[in-house]
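Trainee: Please take a close look at a single part of this model and explain how that part is connected to the rest.

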Amino acid sequence: MATHAGSEGKVLVGSDQVAEIKSWSLEITSDTVDASIIGTSWRKNQATIKGWSGSFEGFWDETDTDGQGALSAGATVTLNLHPEGDDSGDTYWSGDAIITSISYNASFDGIVEASFSFTGTGALTESTVA
């Protein structure tokens, strides 16, 4: 059984790595509809449309023009989420996503942080790095 350290992960916008990322999350969902018929005693559900969404957080870096700088609320970007790095044979997820929100957080005793939320538009694919 393989496990991976979270520090191996990466977030890319297209082929450009987003700098200073501390964490990311991805949720893949499926809607369901009730497909029960008269005479059944247990509800039957049918899977319908799939979706995906998530977020990533890191330290704000205004010099990261191709990563953080390419992200604005409402923009559609190609995200590549790598849970185990980007070496040949490593698994990753990829798809077009709409950036739904960006928030910034600063405190006197910390580093300015940025958080990006997204919703997939279209299919999410699972691939391996060539």
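Mentor: What follows starts from one strand and then turns to its partners and to the salt bridges.

This is a predicted model, in which local features need pLDDT of at least 70 and side-chain atom pairs count only at pLDDT 80 or more, while totals for chains, interfaces and linings use all residues. Residues are numbered from 1 along each chain as its sequence is written, and side-chain values use heavy atoms, with hydrogens and water left out.

The part chosen is strand S4, residues 45-59, which contains Ser55. Strands are DSSP runs (E, at least two residues) and are numbered from the N terminus. Ser55 has 14% relative accessibility and counts as buried; buried means under 20% relative accessible area, exposed over 50%, and partly exposed in between, with a 1.4 Å probe and protein chains only. The side chain of Ser55 makes a polar contact of 3.0 Å with the side chain of Glu57. A polar contact is a pair of N or O atoms within 3.5 Å; within protein, one must be able to donate a hydrogen and the other to accept it, and residues adjacent in sequence count only if both atoms are side-chain atoms. With neighbours within four places in sequence set aside, Ser55 is in contact (heavy atoms within 4.5 Å) with Trp24, Ser25, Phe116, Ser117 and Phe118.

S4 runs antiparallel to S7 and is joined to S7 by seven bridges; two strands pair if DSSP finds at least two bridges between them. Within this pairing, Gly58 has Ala114 of S7 as its bridge partner. S7 also pairs with S6, again in the antiparallel sense, over eight bridges. There Ala114 of S7 stands opposite Tyr104, a residue of strand S6 (residues 91-105).

Tyr104 also belongs to a nonpolar surface patch with Trp60 and Val112, and the three have about 300 Å² of accessible area together. Such a patch is made of residues with over 30% relative accessible area and no salt bridge, with nonpolar side chains (Val, Leu, Ile, Met, Phe, Trp, Tyr) joined within 5 Å. The areas come from the Shrake-Rupley method with a 1.4 Å probe, and for residues only the protein chains shown count as cover.

Beyond S4, the loop between S4 and strand S5 (76-82) holds Gly74. Gly74 is exposed, at 54% relative accessible area. Leaving aside neighbours within four places in sequence, Gly74 is in contact with Ile98 and Ile99. The C-alpha atoms of Gly74 and Phe118 are 9.3 Å apart, although 44 residues separate them along the chain.

The structure has three salt bridges, each a side-chain nitrogen of Lys or Arg within 4 Å of a carboxyl oxygen of Asp or Glu. In one, Glu113 and Lys22 have their closest N and O atoms 3.3 Å apart. Glu113 lies in strand S7 (residues 113-120) and Lys22 in strand S3 (residues 21-34), so this pair ties together parts 91 residues apart in sequence. Glu113 is partly exposed at 27% relative accessible area, and Lys22 is partly exposed at 47%.

Another salt bridge joins Asp86 to Lys10, with the closest N and O atoms 3.1 Å apart. Asp86 is in the loop between S5 and S6 and Lys10 in strand S1 (residues 10-13), so parts 76 residues apart in sequence are tied together. Asp86 is partly exposed at 33% relative accessibility. Asp34 and Arg43 also form a salt bridge, at 2.1 Å from N to O; Asp34 is partly exposed at 42% relative accessible area, whereas Arg43 is exposed at 62%.

Note on methods:
Helix = DSSP H or I, 4+ residues; strand = E, 2+ residues; numbered from the N terminus. Patch = residues over 30% accessible without salt bridge, like charges linked within 9 Å, V, L, I, M, F, W, Y side chains within 5 Å.
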